Amino acid sequence: MSSSSFAFPLIELSLKQETPILLFGSFVLKSGRVSPYFFNFGLFNTGSLLLALSIAFADAIISAHPLIGLPSAASSTSTPEILFGPAYKGIPLAASVATELARRGRDVGYSYNRKEKKDHGEGGSIVGADLGGKRVLIIDDVITKGTAIREAHAVVSGNGGITVGIVSALDRQERGTGERSTVQEVEEDLGLPVLSVVKMSDIIAWLESQGRSADVGALEVYRKQYGV
């Protein structure tokens, strides 16, 4: 399954909303760069929109891990057994994507962390499935600087889990602090594969398919300046 098969429907849905989730224009990023597009994943804020996002995540995950949630995955050393959503944005993603996988007959555990350890009740900082000795896929929206993902990986490892991959909603495919993209830096530094539901190249391909040459031109100029 090509990335466009799950990226394109999400892009189209994002543009159809009364308040568009994907915008084209001029946007100043936290890095100070002026981007010709902005994808606001926080606007997937209704049940139907979260379901659509979860379907796209599930499609992407199954394309990379075809045995996930199936009995045959027990003998695999790389297929995830648990989805881990780092607080806070990763929490609803882990829960909703696990639900969508279960709807397809693929049952996996999910868990998330608290920002602070709880010293009463069940205690601890992890809520949900036990990570100990389990293969874990970290799920989050956008990898900006990679700090949050590195912290999530440390949380998983600190609780006995084995991170086997990371999946994010968007890969901007642009340089981080050096010549590599933030995603490439995370992959190389942690030695883990990073899967993205939508990439900048998907957005450009979709725009080309719609004949939106002005937007394509703006993104190509930006990619030439900052892309990898």
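Select Phe 39, Phe 41 and Phe 44 to begin, since in this predicted model these three residues are linked into a cluster by ring pairs. Within that cluster, keep Phe 39 and Phe 41 highlighted: their rings form a stacked aromatic pair, with 4.4 Å from centre to centre and 20° between the planes. With a relative accessibility of 5%, Phe 39 counts as buried, and Phe 41, at 7% relative accessibility, counts as buried too.

Now select Tyr 222 and Tyr 226, whose ring centres lie 4.9 Å apart and whose planes stand at 55°, so that this pair is classed as tilted. Tyr 222 and Tyr 226 are 4 residues apart in helix α7, which means that about one helical turn separates them, and both are buried. A search of the whole structure finds 4 aromatic pairs.

Stay with helix α7 (residues 213-226) and add helix α6 (residues 200-209) to the selection; the two pack at an angle of about 155°, their axes being 9 Å apart. Because an angle over 145 degrees counts as roughly antiparallel, α6 is described as roughly antiparallel to α7. The crossing of these two helices is left-handed.

To display the contact itself, show the side chains of Met 200, Ser 201, Ile 203, Ile 204, Leu 207 and Glu 208 on α6, together with those of Asp 215, Val 216, Leu 219, Glu 220, Tyr 222 and Arg 223 on α7. Coloured by residue class, the contact of α6 with α7 divides into 7 nonpolar, 1 polar and 4 charged residues. Tyr 222, from the tilted pair, thus reappears here among the α7 residues that make the contact with α6.

Notes. Residues numbered from 1 in each chain as written. Predicted model: local features only at pLDDT ≥ 70, side-chain atom pairs only at ≥ 80, totals over all residues. Heavy atoms only, no water. Axes fitted to C-alpha atoms, helices over the stretch in contact; angles between N-to-C directions. Parallel < 35°, antiparallel > 145°, perpendicular 65-115°, else oblique. Left-handed = near helix turned anticlockwise from the far one by under 90°. Contact = heavy atoms within 4.5 Å. Nonpolar A, V, L, I, M, F, W, Y, C, P; charged D, E, K, R; others polar. Phe/Tyr/Trp six-rings, centres within 6.5 Å; stacked < 30°, edge-to-face > 60°. Buried < 20%, exposed > 50% of the residue type's maximum accessible area, 1.4 Å probe, protein only.
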